[in-house]
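Colleague: Could you take me through this model strand by strand, with the criteria stated as they come up?

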Amino acid sequence: KGLILAFGAVDEEAWIWVNGEYAGEHAIGKLGWTQPFEIPVEKFIQPGKANQITVRVYDSEGMGGIWKGVKLMVPKE
């Protein structure tokens with residue numbers, strides 16, 4: 001219940017798809033490169049099956065990418 005993808009940081013913007021369906025984005029511009037963020041993915045995950053997570057990253061300057069950990073989590077209630 002409430003399954004989320006938690007990103008430690010992505011330099012600098014990211015768009016996320018789960019099993020081919022758009023799940024959300026982190027697109028706040030240049031200041032986004034150090035900001036952790038969460039994307040709700042519960043409605044896209046298929047329990048008991050292989051699931052594909054796709055992340056598109058954009059960085060306006062230099063090298064970019066996922067540079068801190070990513071976790072699939074269930075938040076505490």
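Colleague: In what order do the 3 strands of the open sheet that contains strand 5 stand?
Modeller: This is a predicted model, in which local features need pLDDT of at least 70 and side-chain atom pairs count only at pLDDT 80 or more, while totals for chains, interfaces and linings use all residues. Residues are numbered from 1 along each chain as its sequence is written, and side-chain values use heavy atoms, with hydrogens and water left out. Strands are DSSP runs of E with at least two residues, numbered from the N terminus as helices are (H or I, at least four residues), and two of them pair if DSSP finds at least two bridges between them. The pairing in this open sheet is antiparallel, and the order is 5-1-8.

Colleague: Which strands stand at the edges of that sheet, and how large is the average twist?
Modeller: Strand 5 and strand 8 (70-73) each have a single partner strand, so one side of each is left without a neighbour in the sheet. With axes taken as lines fitted to C-alpha atoms and angles running from 0 to 180 degrees between N-to-C directions, the twist from one strand to the next averages 20 degrees. The edges are therefore strand 5 and strand 8.

Colleague: Which residue of strand 5 is the bridge partner of Phe7?
Modeller: Strand 1 (residues 4-7) pairs with strand 5 in the antiparallel sense, over 4 bridges. Within this pairing Ile4 has Pro40 as its bridge partner, whereas the partner of Phe7 is Phe37.

Colleague: Which side chains of strand 5 are buried?
Modeller: In a regular strand the side chains alternate between the two faces of the sheet. Buried means under 20% relative accessible area, exposed over 50% and partly exposed in between, with a 1.4 Å probe and protein chains only. Along residues 37-40, Glu38 and Pro40 point to one face and are not buried, while the side chains that point to the other face and are buried are Phe37 and Ile39.

Colleague: Which strands are at the edges of the open sheet with the order 4-3-6?
Modeller: This open sheet is formed by 3 strands with antiparallel pairing. Its neighbouring strands are turned by 20 degrees against each other on average, direction ignored. The strands that pair on one side only are strand 4 (21-26) and strand 6 (53-58).

Colleague: Which residue of strand 4 stands opposite Trp15?
Modeller: Trp15 lies in strand 3, and strand 3 (residues 13-18) is joined to strand 4 by 5 bridges in the antiparallel sense. In that strand the residue opposite Trp15 is Glu25.

Colleague: Is Trp15 buried or exposed, and at what relative accessible area?
Modeller: Counting a contact as heavy atoms within 4.5 Å, and leaving out residues up to four places away in sequence, Trp15 touches Tyr22, Gly24, Glu25, Ala27, Thr54, Val55, Arg56 and Tyr58. The C-alpha atoms of Trp15 and Val55 are separated by 5.7 Å, although the two residues are 40 apart along the chain. Trp15 is buried, its relative accessible area being 16%.

Colleague: Which residue lies over the face of Trp15?
Modeller: A charge sits over a ring if NZ of Lys or CZ of Arg is within 6 Å of the ring centre and within 35 degrees of the ring normal. At 5.0 Å from the ring centre of Trp15, the residue over its face is Arg56.

Colleague: What is the geometry of the aromatic pair formed by Trp17 and Tyr22?
Modeller: Rings of Phe, Tyr and Trp (its six-membered ring) pair if their centres lie within 6.5 Å, and planes under 30 degrees apart count as stacked, over 60 as edge-to-face and the rest as tilted. The structure holds 3 aromatic pairs; Trp17 and Tyr22 form one with 5.8 Å centre to centre and 70 degrees between the planes, which is edge-to-face.

Colleague: Where is Asn19 found, and what is its phi?
Modeller: Asn19 is in the loop between strand 3 and strand 4, and is partly exposed with a relative accessible area of 24%. Its phi is positive in a residue other than glycine, near 55 degrees.

Colleague: Which residue does a cis peptide bond join to Asp11?
Modeller: Omega of this bond is about 0 degrees. The partner is found in the loop between strand 2 (10-11) and strand 3, and is Glu12.
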